[in-house]
Amino acid sequence: MKNLIGIEDISVEEIDELIEKAKDIMKNRDKYSEKCKGKILATLFFEPSTRTRLSFESAMLSLGGNVLGFSSADSSSVQKGETVGDTIKVVGGYSDIIAMRHPKEGAPVVAEKSTTKPIINAGDGGHNHPTQTLTDLATIAIEKGRLDNYTIGLCGDLKFGRTVHSLVTALSRYKNINYIFISPKELTIPDYIKKNVLEKNNIKYTETTDLEGSIDKLDILYMTRVQKERFFSEEEYIKLKDVYILDNEKLIKAKKDLIILHPLPRVNEIAVEVDEDPRACYFKQAEYGRFIRMALILKMLNIK
Amino acid sequence: MYIDSIKNGYVIDHIKAGQSMEIYKYLKLNELDCQVAIIQNAKSNKMGKKDIIKIDKELKLDLDILGYLDSNITVNVIKDDKLVEKIHPEMPEKLVNIVPCKNPRCITSVERGLDQICVLTDRENRVYRCKYCESRIN
Ligand SMILES: [Zn+2]
């Protein structure tokens, strides 16, 4: 893997290796604190995403490296009309590895052709966001001790939610996972995921609108928010945004060892009271995101 | 119906009925100054109805376009009134600057100087996808 554009660029073995590395980093922070000394990570955010950018920067700084970049297109030469290709050619000369986020889908494919430096896709429109998926996988692996054999419920916007599509695609390579898709009728998981990912691999799944009725079966609950920008009308958004709100009452019937994940930021879909529940893993998940990105940077720079 | 046979050129045969204008457009046959005949709904034993295009000129035909549009097509190459070759264009692995990506969120909609590349991702179902955003082209 030279570049990370989509989650399918990484093999199951490489994912295991990254997760093991992330675990080792968490245990031995000092050992890694100068591994990237003298190296520069460029974070090129043609579209703002503070959380993702800070996660990458924290990862590189924790490895003793440096970071440079921009956090939105209006602070960059993009505003003057520079192409992605040209920007990457220039920044490739200033840095050792590049993490980029871009509102247009496929932008990292242009970038990888424009430099010899490794490119990490930190999100391209509604298309790919592989480091979020890596974070999700690492969280499951660390909290559950395995990536196979469980029932996972995915709840919320399953139609537009790319993190869900990407996670389901990544998990389809592991054995014995039972999927329960929980969404309003308007936001069900797309047919192409059902056909090309699930049915093609003979994977069992059920679809329901009922979160409460499904919760006792789950080992993992992955909540997502309904994103306003995906809707054509305000009305439709308001109708659907608060269909599922996870609170303590709904969790009464849930298993004791359930883990609750969320890619964050959340809006209303998880009540704040749930944060105190030991099954709430979404803030830990964000932290694991930092360590898995550290593991990824090391791997892509060929540093042991 | 009688249409002059051609001396040097091509007879594009076994076009799915109704598809000939599409092929005319993609091959930019309107830009030619030679005789071009389009026969629609010709009788065919194999297909019931079919379209045929005759081009009375030796030119460089883009077989990739034909293979992409319809891989059941036969291209008959005519030289000195004689049929010298029958070509069955295959579905190409890649299309460069032939079909634009229709996804408005695709990088190809804004990046200047970028080749529009489509890749055959599923031969059985004839699926082409944009190399950049992976959305379906056909
Ligand atoms: Zn595209």
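# Exercises on cores, domains and unusual backbone sites

Once its neighbours within four places in sequence are set aside, Ile152(A) is in contact with Leu167(A), Leu171(A), Ile177(A), Asn178(A), Tyr179(A), Ile180(A), Leu218(A) and Ile220(A), where contact means heavy atoms within 4.5 Å. The model is a predicted one, in which local features need pLDDT of at least 70 and side-chain atom pairs count only at pLDDT 80 or more, while totals for chains, interfaces and linings use all residues. Residues are numbered from 1 along each chain as its sequence is written, chains are lettered from A and ligands numbered from 1 in the order in which they are written, and side-chain values use heavy atoms, with hydrogens and water left out.

## Exercise 1: the cores

Determine how many residues the largest nonpolar core has, and which of them have the most contacts inside it.

Step 1. A nonpolar core is a set of buried Ala, Val, Leu, Ile, Met, Phe, Trp, Tyr and Cys residues joined through side-chain atoms within 4.5 Å; buried means under 20% relative accessible area, exposed over 50%, and partly exposed in between, with a 1.4 Å probe and protein chains only.

Step 2. By this criterion the largest core has 59 residues, and those with the most contacts inside it are Leu134(A), Ile152(A), Leu154(A), Val168(A), Leu171(A), Tyr179(A) and Ile297(A).

Step 3. Helix H10 (residues 282-300) of chain A supplies the largest share of this core, eight residues; helices (H or I, at least four residues) and strands (E, at least two) are DSSP runs numbered from the N terminus.

Step 4. Both domain 1 (7-128 + 289-300) and domain 2 (131-285) of chain A contribute at least three residues each to the core, the domain bounds coming from an automatic or database domain assignment.

Step 5. Another core, of 47 residues, lies apart from this one and has Ala111(A), Ile53(B), Val75(B) and Cys118(B) among its members.

As background, nonpolar side chains tend to be buried together in soluble globular proteins.

## Exercise 2: two helices of chain A

Decide whether Leu296(A) is buried or exposed, and establish how many residues of helix H7 are buried.

Step 1. Leu296(A) is found in helix H10 of chain A, and because its relative accessible area is 0%, Leu296(A) is buried.

Step 2. With neighbours within four places in sequence left aside, Leu296(A) is in contact with Met1(A), Leu4(A), Leu18(A), Ile120(A), Thr131(A) and Leu134(A).

Step 3. Helix H7 (residues 162-171) of chain A is mostly covered, with nine of its ten residues buried; among these are Arg162(A), His165(A), Val168(A) and Leu171(A).

## Exercise 3: the domains of both chains

Find how far apart the C-alpha centres of the two domains lie in chain A and in chain B.

Step 1. In chain A, the C-alpha centres of domain 1 and domain 2 lie 26 Å apart, and 25 residues of domain 1 of chain A are in contact with 19 residues of domain 2 of chain A.

Step 2. Chain B is divided into domain 1 (9-87) and domain 2 (94-130), whose C-alpha centres lie 25 Å apart; the contact takes nine residues from domain 1 of chain B and six residues from domain 2 of chain B.

Step 3. The secondary structure of chain B comprises two helices and eight strands, which follow the pattern β-α-β-β-α-β-β-β-β-β along the sequence.

Step 4. Of the 138 residues in chain B, 43% are buried, and the C-alpha atoms of chain B fill a box of roughly 50 × 30 × 25 Å along the principal axes.

## Exercise 4: unusual backbone sites

Locate Asn176(A) and His14(B), and state whether each is buried or exposed.

Step 1. Asn176(A), though not a glycine, has a positive phi of about 60° and is found in the loop between H7 and strand S6 (177-182) of chain A; because its relative accessibility is 56%, Asn176(A) counts as exposed.

Step 2. His14(B), likewise not a glycine, has a positive phi of about 60° and is placed in strand S1 (residues 9-16) of chain B; because its relative accessibility is 15%, His14(B) counts as buried.

Step 3. A further backbone feature is the peptide bond from Leu264(A) to Pro265(A), which is cis, with omega near 0°; Pro265(A) is found in the loop between strand S9 (259-261) and H10 of chain A.
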